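Biologist: I have a protein model open and I'm a bit lost. Could you walk me through how to read it?

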Amino acid sequence: MGKQLRLDKLLADTGRWSRKEAKLLLKQGRVKVDGAVEKSGDRKVEPQLAVVTVDGEGLRWAEFRYLMLHKPGGVLTATEDRHQKTVLDLLPPDCRDLFPVGRLDKDTEGLLLLTDDGELAHHLLSPKHHVDKCYLACIEGEVDEADCAAFRSGIVLGDGTKCLPAELESLGAGKCLVTLREGKFHQVKRMLASRGKPVVGLKRLSMGTLRLDEGLKPGEFRPLTEAEETELKKL
């Protein structure tokens with residue numbers, strides 16, 4: 001016998017409903033298991049074998065969950081903090097067992113992946129895999145070709161920290177794109193500051209193949225699509 005899950009947990013694990021909403025679906029008779037209406041959330045099923053539908057639509061269950069969050073500024077990228085709001089506080093209770101992949105500074109907004117897949121998280125964050133991360137930076141001044149060349153060569157920060165070669169693209173006065181293949185502390189801010197271009201705002205647009213859904217407002221989230229999951233795992 002394979003792994004079994006409570007039916008209400010299986011519904012919640014799809015990321016489409018909270019546990020409370022799942023129980024309501026069951027109560028309303030909208031859930032079927034192998035063609036028969038099931039109203040009990042206690043019912044144990046094997047996700048890989050049972051055919052579970054909601055309103056006639058088959059469920060796509062996976063062992064791990066992946067959420068895309070548009071992290072707002074002013075929120076910590078952490079699983080818990082006694083004094084400040086964290087990214088997990090933006091999620092429903094049923095998603096509080098997820099963890100952020102990497103971190104964004106408190107005042108930085110943009111794409112943040114949350115999951116319970118430790119292996120994928122390790123792969124995305126491992127320096128040897130050099131997964132690209134692209135940021136939109138609002139700066140004082142305008143970057144020039146000398147700045148772009150310095151980024152391509154690999155900047156050495158004032159404290160001796162050596163940065164891998166990175167891409168810098170000017171978007172005109174006050175804006176630029178930065179693409180890194182590592183994630184040192186405050187790296188984008190420190191690299192641009194070293195070129196006399198202080199950062200006044202920062203937003204992560206992508207991580208590997210995963211791009212921020214611009215339809216998500218700051219603080220909003222959604223499950224990854226099947227295509228997004230597949231592309232991430234190819235990395």
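**Reading the core, the cysteines and the pockets**

Modeller: Sure, and keep in mind that this is a predicted model. Let's begin with the inside: the largest nonpolar core has 31 residues, and the members that touch the most other members are Leu114, Phe151, Leu168, Cys176, Val178, Met191 and Leu192. Strands 7, 9, 10 and 12 each give two or more residues to this core, and so do helix 4 and helix 5.

Biologist: Which residues does Leu114 touch, leaving out those up to four places away in sequence?

Modeller: Its contacts are Arg65, Tyr66, Leu67, Leu69, Val87, Leu88, Leu91, Leu98, Phe99 and Pro100. There is also a second, separate core of 16 residues, with Ala22, Leu25, Val33 and Trp61 among them.

Biologist: How do I tell if a residue is buried or exposed? Take Leu26.

Modeller: Look at its relative accessible area; buried means under 20%. Leu26 has 0%, so it counts as buried. You'll find Leu26 in helix 2, residues 19-27. Beyond its close sequence neighbours, Leu26 touches Leu7, Asp8, Leu11, Val31, Glu38, Lys39, Ser40 and Gly41. For a sense of distance, Leu26 and Arg190 sit 164 residues apart in sequence and 52 Å apart in space, C-alpha to C-alpha.

Biologist: And Ala150, is that one buried or exposed?

Modeller: Ala150 has 18% relative accessibility, so it is buried too. Ala150 belongs to helix 4. Past its neighbours within four places in sequence, Ala150 is in contact with Ile155 and Arg195. Ala150 and Arg195 are 45 residues apart along the chain, yet their C-alpha atoms are separated by 8.6 Å.

Biologist: What does Ser206 touch outside its neighbours within four places?

Modeller: Ser206 is in contact with Leu111, Asp132, Lys133, Cys134 and Arg211. Ser206 lies in strand 13, residues 199-207, and with a relative accessible area of 6% it is buried.

Biologist: Now the cysteines. How many disulfides are there in the whole structure?

Modeller: The general idea is that a disulfide is a covalent bond between the sulfur atoms of two cysteines. A search of the whole structure finds 0 of them.

Biologist: Why is Cys138 not in a bond?

Modeller: Because the closest cysteine sulfur, in Cys176, is 8.5 Å from the sulfur of Cys138, and that is too far for a bond. Cys138 is partly exposed, at 27% relative accessible area. Cys163 is in no disulfide either, as its nearest cysteine sulfur, again that of Cys176, is 15 Å away. Cys163 is buried, with a relative accessible area of 7%.

Biologist: Last topic: pockets. How do you find them?

Modeller: Rolling a probe the size of a water molecule over the atoms shows where empty space is left. Here the largest pocket has a volume of about 410 Å³. It is lined by 26 residues, and the closest to its centre are Arg103, Tyr135, Glu182, Gly183 and Lys184. Helix 3, strand 10, helix 5 and strand 13 each give two or more residues to that lining, with the largest share, 3 residues, coming from strand 13.

Biologist: What classes of residue make up the lining of the largest pocket?

Modeller: There are 12 nonpolar, 7 polar and 7 charged residues.

Biologist: And how much space lies in the second largest pocket?

Modeller: About 210 Å³. Of its 14 lining residues, Thr14, Arg60, Pro223, Leu224 and Glu229 are the closest to the centre. By class, the lining of the second largest pocket has 7 nonpolar, 2 polar and 5 charged residues.

Conventions:
Residues are numbered from 1 along each chain as its sequence is written. This is a predicted model: local features need pLDDT of at least 70, side-chain atom pairs count only at pLDDT 80 or more; totals for chains, interfaces and linings use all residues. Side-chain values use heavy atoms; hydrogens and water are left out. Helices (H or I, at least four residues) and strands (E, at least two) are DSSP runs, numbered from the N terminus. Buried means under 20% relative accessible area, exposed over 50%, partly exposed in between (1.4 Å probe, protein chains only). Contact means heavy atoms within 4.5 Å. A nonpolar core is a set of buried Ala, Val, Leu, Ile, Met, Phe, Trp, Tyr and Cys residues joined through side-chain atoms within 4.5 Å. A disulfide is a pair of cysteine sulfur atoms within 2.5 Å. On a 1 Å grid over the protein atoms alone, a cavity is a set of points where a 1.4 Å probe fits but cannot get out, and a pocket is an open set with protein on both sides within 12 Å along at least five of seven lines; lining residues have an atom within 4 Å of a point. Grid points are joined across faces, edges and corners, and a volume is the space filled by probe spheres set on the points. Ala, Val, Leu, Ile, Met, Phe, Trp, Tyr, Cys and Pro count as nonpolar, Asp, Glu, Lys and Arg as charged, and the others, Gly among them, as polar.
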